[in-house]
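I opened the notebook to look up how two parts of one chain meet. My entries follow the structure below.

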Amino acid sequence: MGDVPKVAILFGFGINCDRETAAVFELAGAESERVHVNHFVNGERDLSEFHILAVPGGFSFGDHLGSGRLLGNRMRFAMREQLSSFVAAGKPIIGICNGFQVLVKTGLLPGREVPDFEQRASLTLNNSGRYEDRWVTLEFDPDSPCIWTKGITRIECPVRHGEGRFVMPSTTDLDELNENNQIVTRYVDPTSEPGKGITDETLPFPICPNGSIRNIAGICDPTGLVFGLMPHPEAAYATFLHPHHTRGEVSEEILAEGMQIFRNAVEYAQANL
Amino acid sequence: MRDVRGDSVKRQLTADHGIEIDKVRSIVGFLISSEISAAEVASRADDVFADPIIEESATDSLHLSDKELFPQEPDMVVTIGFKPGVTDNPGKAALDGFRTIFPNAGDDARVSTYLTYAFEGVPDGVEVEWLAKQLHNGLIERALYSLKGEEYPVIEYAPITPSDYAPPAVVDLEVTDEELMKLSVEGLLALNLEEMQTIQAHYMNPEVRSARAALGLPENAPTDVELECLAQTWSEHCKHKIFAAHIHHIDTETGEDTEIDSLFKTHIMKPTLEMKDEVDWLLSVFHDNSGVIAWDDEWSMCMKAETHNSPSALDPYGGAMTGIVGVNRDILGTGLGARPIANTDVFCFGPPDWKGDLPENLFHPSRVLRGVHAGVRVGGNESGIPTVNGAIVFDDRYIGKPLVYCGTIGIMPRKLPDGRESHVKNPDAGDRVYMVGGRVGYDGIHGATFSSLELTEESPSSAVQIGDPITQKKMLDMILEARDAGLITCITDNGAGGLSSSIGEMAEYTNGCRIDLGKVPLKQEGLSSWEILVSESQERMTVAVRESDVPAFEALADLHEVEATWVADFTDTGQFHVVHGEDTVASLPIEFLHDGVPQLRLESEWAPPNNPEFNPPSKANHSSLLMRMLTRPNIASKETWVRQYDHEVIAQTAVKPFVGVERDGPGDAGLLAPIHGSTHGLVVSNGISPRYSDIDAGAMAAAAVDEAVRNAVCTGVDLSKIAGLDNFCWPDPIESKKTPDGKFKLAQLVRANRELERICRAYFVPCISGKDSMKNDYGTGENKISIPPTLLFSLFGNHHDVRYTTTSDLKPGESLYLVGESKQELGASEISYMLSESGESNGIGGEVPRLPNPEKNLESYKALTKAIQSGIVRTAHDCSEGGIAVAIAEMCIGGRCGAAIDVDGPGEADLWGRLWGESLGRILVGVKQEHRAEFLATMKGQPLTYMGEVTEGNTLSVWDGDDLIIESNVDEMVSAWKGSLDMTGGVQ
């Protein structure tokens, strides 16, 4: 491919973080296009035109019947082959917040080497029973195969969800994820030493904002190409979006730590696709 | 698995009523009517209706009867579903999902949702009927329940009663005045006698009669379609008749006796138009759905604020949700379509801990708060529009009528790809008119007038509507694409008055239209012609499209799965012409429809109210007063509520509602950087101070404007480009038997308008859009509750660079300064209300905060914004309710640090005035040591007082000269401030 990877940003049906997600990929050096889900469903467009796929946050179909379920179904039944080919071609996919919920409900996450579109996990109502917008601290598994998070130890960014508690049917399922280093990112105590914050014991509210098992904030598939997370790194793309930006002197640099996730994928596409 | 839904109900019963139930479990139900067999549905239930990882599904059987899931029979079971005709959003989504799996479900397939709660371990004395009442609103929902041993409740579809189209009725207006008024009252037309007589005269005009004969309409009498259409168009809601009225005003204090020809034209429109002549950035004022300013060469911004008070009183959830999604549509309907990028929400409620009596048919304020909050939360969050600023104000009188103000800001490219200016609508005769989005139903008929109805359990569901954010979001996505493709020549939203208003108003551009009601898609069959024309069913835009663009427009609608129906054409006939299939059902001259309403003549008389003087106790422990003040609902943290709004979707919010070390300190104004990658900013702020009306509504209005400006100044706003929105909520100011004090209430309105004009001119804030809601009363006679006259002033303005801004949290090493002067102004202050409620003082009277020299304030605001824009000030907080004492406490909370300040200083105010007084124009500022000299130089000549220092440690000390007046622990202040409005019943 050329130097500028093309990113498909899904939109329509209540996806609503499509504009900022498109913007951060552009700022990371890619070319973004917001493409309505139905363009792929009705065959006017094909995922193969793109190098990266992003399923942004939002409230697809109002999250009625469970977050991400109805959009997940549309993709599972109407875009199955395109998605399979996309994954088989080794192209990265990210799902953020509602997009993560969609990828989990389609079965792409935690997934198998070859997608079988079986749902194995779920994201359900926060223990607090409330939707909340608050900033969290995330740490990343340095040994994860996830291509999106290379070189990142810790970032801060907001969560904005009512259904972010990650669950799987059994402890064995979680152990298996852990052994494969698929538990890419977790909520950690901001006062812990960077690199040493990760723990299996569920941290108290609001450090772990939703009661997620093992503080899981995001996971990847076994290949490390498909990545989903509840928090919003794109909402931390700029220094002036951090709630503490007035606590120091004015920063000349505009781009912030949330950008690294998107840069990683752009660089991966440039090197491998 | 934990049942979070059930747990939430359990916690809420504890928080609101002190009732502890052992366990609450929830079951989500779907009622399906389709051509798919139960067995087939069962085989795919886990694909649509249940999540196989966390839920159990059952088809055609009750979970409650499953001994494995419910080994023990619950004490009580309550099942809640929507009444027929009420918007069921989950049901709609479920049907969509159902069709994905079963494309052959059939055209008539229906899915409705319901929720069942099973209660275990219910304490004695809790009745199941009471429990059901807490969980549903009888106006829109039905509840079935059972006790242990009884059969479980089962919800079923109500049978559909078919009804047929009937031709419109003819209304004989050649009757006595008495009978004219009877027609108006019984028909819910809300027209006065003079207006009815004007309509009567229209149908006696021989020219009108011969024109009607030619169209086949009854010659000398209106059809019900015409009468309803006139009633809607001429309603207070649409024509703002009180603001347009001729007023005879008397001031008994000064002896003034004057005539005012329209408060709006005199005090709002004229000043704004004069300011428009002085600047080049006011693109569109007053005539569109919102006012538009040029933000830079490439982009324009618009803003609108609306109220949705009466609907929110009846169904707090649905009323508030339609409020927020409705004002979003005002933005989408501005120019050729703007994109909403931020919401603001300001609510006025009764006290959430109200223990007194509640009038018949009114909800407890805590329930109004929960419902309104939930509606705005769902409406804003699901639409992907951040709520960046707002306020919640409490006063006993809002029990009678809560105020729900929803505001939205929008952005547009100044020029569309085809070169047209986006803020100018340009339809031509011959353009097709589409209705886009939702369908028309019984919901929302007579929305503008129903507040005068006595509401009961049996009230029709038509009185209340529930918004559908996802239908609206799809429509919004589609319309913005259509705009950029150059397919739109004119657009407006369908709000009050429905199609009659939206098409009727747009028809003024081409001087005529022809609507075919037979083409309008309906939710239910059987609506009569007038009902289709005036229904306020939600999520609809009216869009005009050139004939050549029709295929492209319809293709976009298909792609987005949005219903777009050709329902009318623009003409140049001068007539508002309505047909229903073959029949002409209405024809009204455009001019008569829009300009025919006669001007009201009203009487106004001002006499200052008598309030017992606020006399603070001679001895007081100000430390404990501070702790009490921090728990006052008007001051306490609203974090529980505000945190449930998404305030940073779109990744642009540079100053959020929460600031500081623990991100829980108060943000003064919202600051946005709407263009990704750019630091160019937009400020959004609000000002509201209704209790000052108890002394003088003029002072109330001045305070609202100053507060909005002050909050914006705290972010470092560009004061050369700020614009305002005046949003008046008043009790009925027309003197009548029902309202014997109407003259006084109108005088309050006159004074508020005069001060609004004076301050806006001084600050150079043009009012570019506004709204009024003039009937905020409950009941009659001695039991009548009237709201305090309330002006919400919303402001949006330019900001050069969002990195150069401040927040209210103190930072280590800062010195503290007060910009502005403290005067002896304790009248109607929060401390006066607190101490008079507790009996420690007599009343709230005295000097209310005023702005005698706003030009002077503006000078200091300009100096301060200059300092902020240069990066030398990173901390600022405005002083409002609770004065300096509360402001500095909030700054310590945000910074999680101590401070030592001395309130002794210039001016004549005593200690109470300096500590608790709410004098306007004051901002507390923190400046680091290294920037002090530059700061002092920038502020030279302005009223500035050195107050003290940020301290290490955890104590706020306030001195009055040598006397230590307040010594408070910051952690204790945090608990006091955050505790009183928490209302969650605990998080975990």
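These are my notes on the contact between the two domains of chain B.

Entry 1. I noted first that this is a predicted model. I then looked up the division of chain B: domain 1 covers 4-147, and domain 2 is written as 262-424 + 637-802. I found the C-alpha centres of the two domains 37 Å apart.

Entry 2. I asked how many residues each domain brings to the contact. Domain 1 of chain B gives nine residues and domain 2 of chain B gives six.

Entry 3. I looked up the buried area next. The two domains of chain B bury about 590 Å² between them, and 40% of that is on carbon and sulfur atoms. On the side of domain 1, I listed B:Asp16, B:Asn137 and B:Leu139 as the residues that lose the most area to domain 2. Together they make up 51% of what that side buries.

Entry 4. I turned to the polar links. I found a count of one salt bridge between the domains. B:Asp16 and B:Arg370 form a salt bridge, with their closest N and O atoms 2.7 Å apart. B:Asp16 was already in my list of residues that lose the most area. I also noted five residue pairs in polar contact between the two domains.

Entry 5. Which elements give two or more residues to the domain 1 side? I found α1 (4-17) and α4 (128-135) of chain B. α1(B) gives the most, with three residues. Sorted by class, I noted three nonpolar, four polar and two charged residues on the side of domain 1 that touches domain 2.

Technical notes. Residues are numbered from 1 along each chain as its sequence is written. Chains are lettered from A and ligands numbered from 1 in the order in which they are written. This is a predicted model: local features need pLDDT of at least 70, side-chain atom pairs count only at pLDDT 80 or more; totals for chains, interfaces and linings use all residues. Side-chain values use heavy atoms; hydrogens and water are left out. Domain bounds come from an automatic or database domain assignment. Contact means heavy atoms within 4.5 Å. Buried area is the accessible area (1.4 Å probe) that two parts lose on being put together, summed over both. A salt bridge is a side-chain nitrogen of Lys or Arg within 4 Å of a carboxyl oxygen of Asp or Glu. A polar contact is a pair of N or O atoms within 3.5 Å; within protein, one must be able to donate a hydrogen and the other to accept it, and residues adjacent in sequence count only if both atoms are side-chain atoms. Helices (H or I, at least four residues) and strands (E, at least two) are DSSP runs, numbered from the N terminus. Ala, Val, Leu, Ile, Met, Phe, Trp, Tyr, Cys and Pro count as nonpolar, Asp, Glu, Lys and Arg as charged, and the others, Gly among them, as polar.
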